[in-house]
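New to this one? Have a look at the fold below, and then we'll walk through it piece by piece.

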Amino acid sequence: NKAGGAIYLALTGNVYDSNFTENTASTNGGAIYVASADSKLINDIFNYNNATVDGGAVYVVGQNVLINQSVFNHNGAVDGSGIYWSGNNGKLHYSIVDNHTTTGLGAVYVKGNNLEILLTNMSYNTAKNGGALYIVGDNANMVELNLINNTANYGGALYVSGIRPVVSATNFTNNRARFGAGMFVGKDITLNPSNFTNNVASKLGGAGYSFEFIDHVGTTLTYE
C-alpha cells in the first residue's frame, strides 16, 4: 500500500491486541497510518515493518492520539523508524521501542506540542540525531523512561528542539553521541531526579548538552 501497509485510519478508531509483522508502505506508515484525532493503539506489537519515507511501523497525523502498552521492534523508515507523530497532545505510555536503525531522525519522531511519554523503554536505537527520541515541539513531558544503548550524532538517546521540556525519574545508560550522549536539548529544560550512567560523547556533553540553563535537582551522574 502507498500509506498504511496494513491499516489506514481515516476516521477516529481504536486498534487493540494486534500483531503487525513485515508490512510495508511505499510512502508513510509501514503498518498503520493514523489520519484522525483521538485514535488509540493499545497492546499492539509491531515487528519488522517498513516505510519508504517516514513512520516504519506507525505514522500519525492527528491530535490527542494515544499509544499504550505496545511493542516496536526492528521497524524501518527515514524519520521515525518506529513511530512518526505529527500532532499535539500525543501520549506514549507503557511501551517498548527497541532495535531501530535509520539514517534519519529518531526511532520515535514527534512534531507537536504537549507530548507525554510515561514508563517507556527505548534501547539499541540508532539515528542521525535523537537515537531513541527526536522531538520538535514545546512542553514535552517525559517520566520514568529507560533510555539505554542508543546512538546518534546529536542526542544519543534524546533530542529536543523546543522549549520547556520536563524530564523526570528517567535512566540514561550507555548512550553514545558526538554531542549530548544522554540528551541534546533546547531552552528551559526542567530535569527532575534522574540517573545518567556511562553515557559517552566524543565531543561535548556526555550526560547532556543544552543551549541554556538546566533546572535540575537530585540528578545522579555516573561514569564507570
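Let's start with the basic make-up: the chain has 31 strands and zero helices. Keep in mind that what you're looking at is a predicted model.

How about overall size? Lay the chain along its principal axes, and its C-alpha atoms fill a box of roughly 45 × 25 × 25 Å. The radius of gyration is 16 Å, which agrees with the value near 17 Å that a compact globule of 224 residues would have. Of those 224 residues, 52% are buried. On the outside, the chain exposes about 9000 Å², and carbon and sulfur atoms supply 48% of that area. There are 10 positive and 14 negative charges, and their mean positions sit 10 Å apart.

Contacts in this chain often bridge long stretches of sequence. Take the contacts between residues at least 6 apart in sequence: 79% of them join residues at least 24 apart.

Now for some strand pairing. Strand β21, residues 158-161, is a good place to look, with pairings to both β18 and β25. Here they are side by side:

| Pair | Sense | Bridges |
|---|---|---|
| β18 (residues 133-136) and β21 (residues 158-161) | parallel | four bridges |
| β21 and β25 (residues 183-185) | parallel | two bridges |

Which residues face each other here? Isoleucine 135 stands opposite valine 160 in β21. Over on the other pairing, leucine 158 stands opposite methionine 183 in β25.

Next, a couple of loop residues worth finding. Serine 95 lies in the loop between β13 (91-93) and β14 (96-98). Is serine 95 buried or exposed? Its relative accessibility is 2%, so serine 95 counts as buried, the cut-off being under 20%. Setting aside neighbours within four places in sequence, serine 95 touches Ile67, Asn68, Gln69 and Ser70, along with Leu119, Thr120 and Asn121.

One of those contacts, glutamine 69, has a loop spot of its own, between β10 (66-68) and β11 (71-73). With a relative accessible area of 45%, glutamine 69 is partly exposed. Again leaving out neighbours within four places, glutamine 69 is in contact with Ile42, Asn43 and Asp44, and also with His93, Tyr94 and Ser95.

One last distance to try in the viewer: how far apart are glutamine 69 and glycine 90 in space? From C-alpha to C-alpha they are 14 Å apart, with their positions 21 residues apart in sequence numbering.

Technical notes:
Residues are numbered from 1 along each chain as its sequence is written. This is a predicted model: local features need pLDDT of at least 70, side-chain atom pairs count only at pLDDT 80 or more; totals for chains, interfaces and linings use all residues. Side-chain values use heavy atoms; hydrogens and water are left out. Two strands pair if DSSP finds at least two bridges between them. The radius of gyration is taken over C-alpha atoms; the globule rule is 2.2 Å times the number of residues to the power 0.38. Buried means under 20% relative accessible area, exposed over 50%, partly exposed in between (1.4 Å probe, protein chains only). Contact means heavy atoms within 4.5 Å. Accessible areas come from the Shrake-Rupley method with a 1.4 Å probe; for residues, only the protein chains shown count as cover. Lys and Arg count as positive and Asp and Glu as negative; His and the chain ends are not counted. The place of a charge is taken as NZ of Lys, CZ of Arg, CG of Asp or CD of Glu.
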